[in-house]
Each structure stands twice: as C-alpha cells, then as structure tokens.
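Welcome! Please take a moment to look over the sequence and the 3D view, and then try the exercises at your own pace.

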Amino acid sequence: MLSLNNLIITSSSLLSQIPTSLHKLKPTNMNTITTTDQTHVNQPPQEQQPLSKNAQKKLLKQQRFEAKKAEKKALAKEERKLKGEMKRKGWEEKLSVLSEEEKLKMIESRKEMRKERMSQRNEERETKLSRLNEAKKNGCNVVLDLQFSNLMAPNEIHSLVKQIMYCYAVNGRSVVPCHLWLTGYEGEIGNQMQNIPGFDKWIIEKDNGPYINTFENQKENLVYLTADSETMLSELDLKKIYIIGGLVDRNRWKGITMKKAEEQGIQTARLPIGDYLKMSGSQVLTVNQVIEILLKFLETKDWKASFFHVIPQRKRCETEAAVSQEEVEGDEKVDQEIKRQCIDT
C-alpha cells in the first residue's frame with residue numbers, strides 16, 4: 001500500500017511529465033471552444049432568400065430562351081445532316097445507272113462546276129473587298145452605338161447581334177456600301193460578338209470605347225439618328241458621321257437615344273418617313289432596317305423607294321401598302337433571298 005506521502009510524490013512526478021503547452025490552457029478557453037463547436041453543429045443551415053416575382057419571371061424567361069435556342073440549334077444540325085445524306089444518296093443513285101465511261105464524265109463535269117463556283121465566289125469576294133475599301137476612304141460613315149447592353153436581357157442582346165450580322169452582310173452586298181463602325185461593345189454583347197465565326201476578319205471599324213471618345217476631334221460632325229428628333233434628314237452628307245442606337249428596347253426605353261445626344265451636345269436627325277408613307281404604329285425601326293434604308297438611299301438617292309423597299313407592309317397603313325404593292329412586288333422574292341443569305345453569313 002502507498003502511504004499518503006508516496007501518493008503525493010507520485011502525483012507530482014506525473015504532473016511534471018505533462019507538456020508545458022497543456023499547462024497554459026485555461027478552463028475558460030476549453031469551455032469556449034466546446035460551446036462554439038456545439039453552437040456550430042447545432043445551428044440550422046441558413047435559408048436562401050426567395051427570388052422576387054420579377055426575378056423569377058426573368059429567370060424563367062431566360063431558361064426558356066436557352067432551351068429554345070438549344071432546340072433550334074439541334075434541329076438545324078439534324079436538318080443539315082439529312083440534306084447532306086439525301087444529296088449523297090441522290091448522287092449515288094445517278095451514278096449507279098451509268099456506265100463507267102459515263103460515270104467518269106459526270107464526275108469530271110461536277111468537278112468543273114465546283115471550280116467555276118469557287119472562281120465566281122473569289123471574284124465576288126474581291127469585288128466586295130474593293131467596294132468596302134473604297135467606302136472606307138470616301139464612303140458614308142455609320143456608327144452602331146452598342147453602349148446599351150446593360151439595359152437589355154440576354155435574349156434581346158442575342159437579337160441585336162443577329163441584326164448586326166445582317167447589317168454587315170447587307171453592307172458587303174450593297175452596290176454603294178457605307179463605312180461601318182462598331183463602338184461600345186463590352187460585357188455580354190462583346191462576348192456574343194466575339195463568338196461570331198470570322199468576326200475578327202470583318203472589314204469594319206471596331207472600338208470597345210464610346211463613340212464620343214472615338215470621334216472626339218469630330219464632334220461637330222456627329223449626327224444621332226433618332227425618331228424623337230425634330231430635325232428632318234433630307235440628304236446624307238458624307239462629311240457627317242451618322243449614329244444608330246443599338247437597342248432592342250421592347251418600348252421600355254423611349255427617348256433614350258435623344259436624351260443621350262442632348263447630354264453630349266451633338267446633332268440629331270430623323271428619317272423623313274412621314275413625308276412618304278404612313279406608319280400603322282411607331283416609326284421606330286430595327287437597326288438593320290435603318291442600315292438598309294441608308295444603303296438603298298445611297299444607291300438610288302430616293303427616300304420613297306428606300307422606305308418602300310425596306311419597311312415591311314405590316315408596319316404601313318393599308319392605303320399606303322396598296323399603293324406600293326406594284327413597286328415592291330417584283331423585288332419581293334429577291335429581297336427575301338438576300339435576307340436569307342445574309343442571316344446564313
């Protein structure tokens with residue numbers, strides 16, 4: 001049996017073997033750590049704040065847009081695949097009923113046709129390049145102001161990007177093209193523009209900054225085209241720089257381009273639509289429609305012909321549409337084909 005003195009000595013020796021770092025721990029600290037751990041473990045997870053009704057609608061709209069976009073893309077891919085298979089099958093069927101000599105002649109004829117098409121495309125490309133370079137030196141300068149992307153939903157930005165693609169294609173095909181500028185394309189619209197195949201090779205002026213900085217030394221020549229202006233545009237002055245607001249606003253931002261121009265102290269003007277036809281509603285047009293009208297006027301020097309060629313009949317009053325029917329009937333099919341080709345570009 002251990003005596004009391006021996007027990008005390010043994011306890012003291014055991015305590016002396018405990019690391020000094022443990023001696024520094026205080027009971028209060030241990031209690032604090034234990035309490036904190038227990039609180040962390042027992043605390044229920046915080047619930048996320050529910051989205052507002054407006055935010056829910058926007059999210060649902062965006063999800064539907066993305067789903068529809070993916071569906072269209074998949075459908076178009078499948079259609080292209082089917083068309084390719086049908087063409088290949090038709091070609092094989094034609095060859096199957098021919099003799100070896102006839103097959104060789106038909107294959108050689110097809111190769112010659114391909115060479116001719118390639119040669120024609122190269123000539124058209126060279127002609128287009130020549131016209132655009134001439135417009136760069138002596139043509140009418142038209143700026144697409146893309147600084148409104150923060151006011152648009154992603155699907156509206158997508159729609160605007162398609163309009164810009166159409167503008168570029170139509171300008172390249174125009175008999176008298178203008179010198180196009182893209183300014184202020186940043187953020188989402190900049191990302192979508194960069195995703196366009198061949199965008200880096202576009203024969204067009206590009207500036208991420210605002211046009212007011214791009215043309216700071218030519219401010220007196222800037223003219224913002226807006227339907228809210230009181231000044232009627234009668235001619236296109238090649239010394240002027242015409243600005244078109246890149247905004248798919250769905251009527252949410254009325255008067256915003258006019259206000260911007262007034263704040264910057266630059267000139268404004270509106271197209272003389274009312275002098276030549278009656279609109280069934282607003283005179284606000286899409287970006288590509290304005291570009292087409294300007295291009296047609298550069299070619300014909302005729303506002304009336306330009307308006308009737310571009311503005312769809314659904315936007316005109318019935319009487320005006322009836323008067324213009326004969327004028328546009330002959331060009332209708334050609335115009336539709338050009339638009340289809342431009343969208344495919």
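Here are five exercises on this predicted model, each with a worked solution.

**Exercise 1.** Find how many helices and strands the protein chain has, and what share of its residues is buried.

*Solution.* Begin with the elements: the protein chain has 13 helices and 6 strands. Then turn to burial: of the 345 residues, 32% are buried. As a last step, look at contacts with a separation of 6 or more: 71% of them join residues 24 or more positions apart.

**Exercise 2.** Work out where the pLDDT is below 50.

*Solution.* Start with the whole chain, where the mean pLDDT is 79 and 75% of the residues reach 70 or more. Next, go to residues 1–5: here the pLDDT is below 50, and the stretch makes 0 contacts beyond near neighbours in sequence. Finally, residues 17–41 also have a pLDDT below 50, with 3 contacts beyond near neighbours in sequence.

**Exercise 3.** Describe how helix 4 and helix 5 pack, and name the residues that make the contact.

*Solution.* Two values describe a pair of packed helices: the angle between the axes and the distance between them. Helix 4 covers residues 53–96 and helix 5 covers residues 100–138; their angle is about 145° and their axes are 9 Å apart. Now pick out the residues: helix 4 brings Trp 91, Lys 94 and Leu 95, while helix 5 brings Lys 103, Met 106, Ile 107 and Arg 110. Sorted by class, this contact has 4 nonpolar, no polar and 3 charged residues.

For a further step, look at residues 53–88, where UniProt, in an unreviewed entry, places a "coiled-coil region". In the model this span is 100% helix and 0% strand, and its end C-alpha atoms lie 52 Å apart.

**Exercise 4.** Is Glu 66 buried, partly exposed or exposed?

*Solution.* First locate the residue: Glu 66 is in helix 4. Buried means under 20% relative accessible area and exposed means over 50%. Glu 66 has a relative accessibility of 38%, so this residue counts as partly exposed. Then look across the fold: Glu 66 and Asn 155 are 89 residues apart in sequence, yet their C-alpha atoms are 8.5 Å apart in space.

**Exercise 5.** Explore strand 1: which residues lie on each side, and what does the strand pair with?

*Solution.* Strand 1 spans residues 141–145, and 5 of its 5 residues are buried. One side holds Asn 141, Val 143 and Asp 145, and the other holds Val 142 and Leu 144. For the partner, follow the 5 bridges to strand 2, residues 179–183, which runs parallel to strand 1. Within this pair, Asn 141 stands opposite His 179 of strand 2.

Methods
Residues are numbered from 1 along each chain as its sequence is written. This is a predicted model: local features need pLDDT of at least 70, side-chain atom pairs count only at pLDDT 80 or more; totals for chains, interfaces and linings use all residues. Side-chain values use heavy atoms; hydrogens and water are left out. Axes are lines fitted to C-alpha atoms, for helices over the stretch in contact, and angles run from 0 to 180 degrees between N-to-C directions. Helices (H or I, at least four residues) and strands (E, at least two) are DSSP runs, numbered from the N terminus. Contact means heavy atoms within 4.5 Å. Ala, Val, Leu, Ile, Met, Phe, Trp, Tyr, Cys and Pro count as nonpolar, Asp, Glu, Lys and Arg as charged, and the others, Gly among them, as polar. UniProt positions are given in the numbering used here, feature names are shortened, and annotations may be inferred rather than shown by experiment. pLDDT is the predictor's confidence in each residue, from 0 to 100. Buried means under 20% relative accessible area, exposed over 50%, partly exposed in between (1.4 Å probe, protein chains only). Two strands pair if DSSP finds at least two bridges between them.
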